[in-house]
Amino acid sequence: MNGRAFAGNTRSLSTQCWTIGLTIGIGAFAHVAACTRDLEGQPCPCAVGYRCCAGTCVSEAAFCPENAGDASGTTSIVSVSSSANSGGNQNAPNPANSGNAASVTGQLGNSAGGASSSGGVAGASGESGDGGSDGDGGSGAVTSATNGTGGTSGTGGTGGTGGTGGTGVPVLTHAYDSQRSGANLAEAELSPDTLVASGFGRIATRQVSGAVYAQPLYVPAWTMGDGATRNVVFVATARNYVFAFDADDAERAPLWVRQLGPAVRQGDAGLGETVFPEAGIVGTPVISLERGALYLVALQNAGGVLQHRLHCLDLATGDELVPPVVIADAGFDSRRSAQISALLLVHDTLYVAFGNGILDEGGYGHVFAYDAATLADRGSLSSFEGMHLGPIWMHGQGPAWDGTAIYLAADAPDTFSEADDLGSRLLRLQPASAGFGIEDWFLPSYVREQGWTELGTAGALPLPGSERVLAAGNRAVYLLDKQALGHHSAGDSAIVQKFLVREVGDACAEGSTCNRIFASPIVWSRNDDARVYLWASNDVVRSFSFDRDTGRIDCGAGDPQICEPVSKGETGAEWGAQALSLSAAGDTEGTGLVWTLQREADGARALSALDAESLDTVWRSAPDEFGPIFSWPFAAPVVTGGRAYLATKNGLAHVSEGGGPALAVHVASSQLVTAWLNNPTFNLLGLAISKDGRNFVEVQAPLETSLVPPVLVSDGGARLFLARVDAQRSVHVLRSEAADFEGARAIGATGDAGERQALDARTSVMPALAFGDGRLFLAWRSEAGDEVTVVSCPADGDFDLSRATRVAAAVSSQPPALFFSHGRLQLMLPDAEAQIAVLVSDDAGASFVPVSTLPIDGQPATVELDPTGAGDPDTYLFWFGDAMTLASELRLLTGPSRDLAELRREELDWAGTSVRLSAGPQPVAATTFRGSIYLGWNGSIARYTPGELVTYGRTAEH
């Protein structure tokens, strides 16, 4: 890890230093400024959290080649090469000593078989940089760099063929860098002016397995296991899955998928109600480009024993590079610990922080250190001077590194005791290389005076180019001296500054949630100041100016306890922003965008982009267009290379009023079809179709009636089947080759004599349909309610009544359900005891064997979704519960299992109040369309997302 780090340098960054700097992305590096010499001949320091590499400031987490140079003014051109070396990482950066001494490197592609070309950038002296040579079999586009002061542009070398050039800067850790600035200062494509003009919008949605709490990570131009060079997005889920997606090809299956053991779910190992219905991977992983590794912590249910395991995965293949290790220490209990905080990687050491949160009960915090090469234990912290460490969650942010020390905010246990608990404090830690211990701390006076949990809801922020660290809590914002955090003092008199983001008044009483800050602060480091962004609950986002010369936030001429913002936003939110991030082209005015992920007062969620200077809204997504976002989203929007990546939790999003409890997909025309009773007085069928899953067009339905809601099913191709019950309680089934059922024909039956006849099926409740192995299956409950009949027919034939199977069932007025999976037909029979019996047939419905009973108090709808493409899909079972009451609630069992008895309860997050809840027992239908699950019941259609990655960028029409 070569290169000089100017962390802790208190000298103001001179204008000369910053004006010669460029903000560009180069392969594995996030460049924020040139670290040559200023006009006085002094080395220009990098911002805190960055260090000098090849004459350019790079993130502390980035790899710096051994001969990349330091701040001496000698600059090397660095290329990313995939040339194999003995026992080395093919993606490891290799230096190519070209370019002039005053230039900053241009953006590089990645070579699939040799060195990529590199473009030089003119230096401050006015000399042009040298263009690189053509790559030999390398990747695509190389960007020519911008003119230096008084000079001409260097000429970019021509990229090779056979791969994809790097687009955007790498995002290797939570909040872009180890400093946790929350800012990508190398975003050249998006700005307030270009965002709308570019037709920015949703361009891709990728389903994953399990809710996503961890922030997605991004690596450009990486050579994957198949030898191709791609831009890759990595997503980890609470179901212990890790996905590697091609960032540029939404239709491509995941590049690789790894499942790291069974995740812990409510009900497992004696667990009751938990904070996370499913808790596998929650904390954001971290990437080492030097080692080609992705590090993460997964909570696993190992045969009833809960274990947190640290994994090291190969970026190219997902394989384990090092055997995983079980995290253990005296006093550490995985049942009472949650790994929510993002991982930190500095100087080849991993830091993993824990807080309480798996069980809804108190617990203490722990911090572990591990060797990044071997995963060997390098120490742990759980106490200091006899006091227990408070739980660490910081809304998902990781410990912050300023180049010298680690900063984190610890929450307080349920019962806080100042004498025993090191909670509700900001802590400064020595790194493992210096002894790994707690050096200093700060306890707000409000905690001692009022017993109010103050810090820990948001992460710490070391401010760039200064000796200050900022902490935001439940009531106030604190600015502290890194070298003397202040411990505890009356009225917080021993600290640098304390202020509120808004006045405490009748509408915002002291001790209320008005000033609570959940989204960690972010900072835009600029020439003359640093702009800090804070969003408190029941407020709008506000920006404040940090003066490096005075080391204080400029609060204006008013009350120093209530800071006057430089600007503030337009739209407030009950809980403030759930997550914040920033993108800008260095410190160039007019390029900054603040990206917010917020849950508004009406329950809707939205992704917004604000002008970073005025905080006016520039762009906003349609509410809930990408599905729900968890009310505690730890994953801030990731913006790089002209795109925004957003991860979402599982839950429901409203699609359409109208429609109903029959849904199917006509695959041949790629249309979603819904059927319902659109005229209850006359029991007429309604029919509507949609090409996008959002906008439905009602079409002329067959002029048929039904006493009960209709049922729809698809054969997975060109055929649709619809079942109804007429006024005489006879079941009828239609077969259609068209999505609008034009030309649909009735399916008849054949008896013992083989003659075609009407289907002799009578019932007073909904029948059930399923399709599998080329056959359509139909089931109906007898009018007496004590027997269910199952028949089948070929996709283009009639039902064979001579092969009908009759199954005795408990007397119930609830209809049966059918589900075909893995070559087996499963029959579900609800009874009057608020449960269903599951029977399985391995012989196409000729016989059934009881296998389990599920605690389901309504008619179930079952569907499968296979986001991994591995052929072993997750199963989702929906139903309206409390069937005997007037107020029903949609419920869900789910799990990656072929056995319905292994499914577990999962909470449904409603993405807005516009989803119409059922006012009594209602049937529900489920189908998959465009990678999502769609649900229909009487009066509403909703889209369920099991967790997804949404990509925003320039839309095709632009």
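**Cavities, salt bridges and a four-stranded sheet in the predicted model**

A search of the whole structure identifies 11 cavities of 30 Å³ or more, in what is a predicted model rather than an experimental one. The largest cavity holds about 140 Å³ of space, and its lining is made up of 22 residues, of which His174, Gln397, Ser520, Leu580 and Ala636 lie closest to its centre. Among the elements that contribute to this lining, strand β39, which spans residues 577-583, gives the most, with four residues. When the lining of the largest cavity is divided by residue class, 13 residues are nonpolar, eight are polar and one is charged.

The analysis of charged side chains yields a count of 24 salt bridges. In one of them, the side chains of Asp246 and Arg230 meet with a nitrogen-to-oxygen distance of 3.3 Å. This pair links distant parts of the chain, since Asp246 belongs to strand β11 (residues 241-246) and Arg230 to strand β10 (residues 229-236), with the two positions 16 residues apart in the numbering. Both partners fall under the 20% limit for burial: Asp246 counts as buried because its relative accessibility is 7%, and Arg230 likewise counts as buried because its relative accessibility is 10%.

Asp246 also forms a salt bridge with Arg252, in which the closest N and O atoms are 3.6 Å apart. Arg252, with a relative accessibility of 35%, is classed as partly exposed, whereas Asp246 is classed as buried at 7%. A further salt bridge joins Arg258 to Asp319, and here the closest N and O atoms are 3.0 Å apart. The Arg258 and Asp319 pair again connects distant parts of the chain, with Arg258 in strand β12 (residues 256-259) and Asp319 in the loop between β17 (305-314) and β18 (320-326), 61 residues apart. Arg258 is partly exposed, at 26% relative accessibility, and Asp319 is also assigned to the partly exposed class, at 39%. Through salt bridges that share partners, Asp226, Arg230, Asp246, Asp249 and Arg252 are joined into one network. Within this network, Asp246 is bridged both to Arg230 and to Arg252.

Turning to strand pairing, an open sheet of four strands is found in the order β25-β26-β28-β29, and its pairing is antiparallel. The edges of this sheet are formed by β25 (400-401) and β29 (438-442), each of which pairs on one side only. At the β25 edge, two bridges connect this strand to β26 (residues 406-410), and the two strands run antiparallel. One residue pair can be named at this junction, as Trp401 has Ile406 in β26 as its bridge partner.

A final set of values concerns Thr705, which is placed in the loop between β48 (697-699) and β49 (711-714). With a relative accessibility of 31%, Thr705 counts as partly exposed, because that class covers values between the 20% limit for buried residues and the 50% limit for exposed ones. The C-alpha atom of Thr705 is separated by 9.6 Å from the C-alpha atom of Gly686, a residue 19 positions away along the chain.

How values were computed: Residues numbered from 1 in each chain as written. Predicted model: local features only at pLDDT ≥ 70, side-chain atom pairs only at ≥ 80, totals over all residues. Heavy atoms only, no water. Salt bridge = Lys/Arg side-chain N within 4 Å of Asp/Glu carboxyl O. Buried < 20%, exposed > 50% of the residue type's maximum accessible area, 1.4 Å probe, protein only. Pairing = 2+ DSSP bridges. 1 Å grid on protein atoms, 1.4 Å probe; cavity = no way out; pocket = protein on both sides within 12 Å on 5 of 7 lines; lining within 4 Å. Points joined across faces, edges and corners; volume = space filled by probe spheres on them. Nonpolar A, V, L, I, M, F, W, Y, C, P; charged D, E, K, R; others polar.
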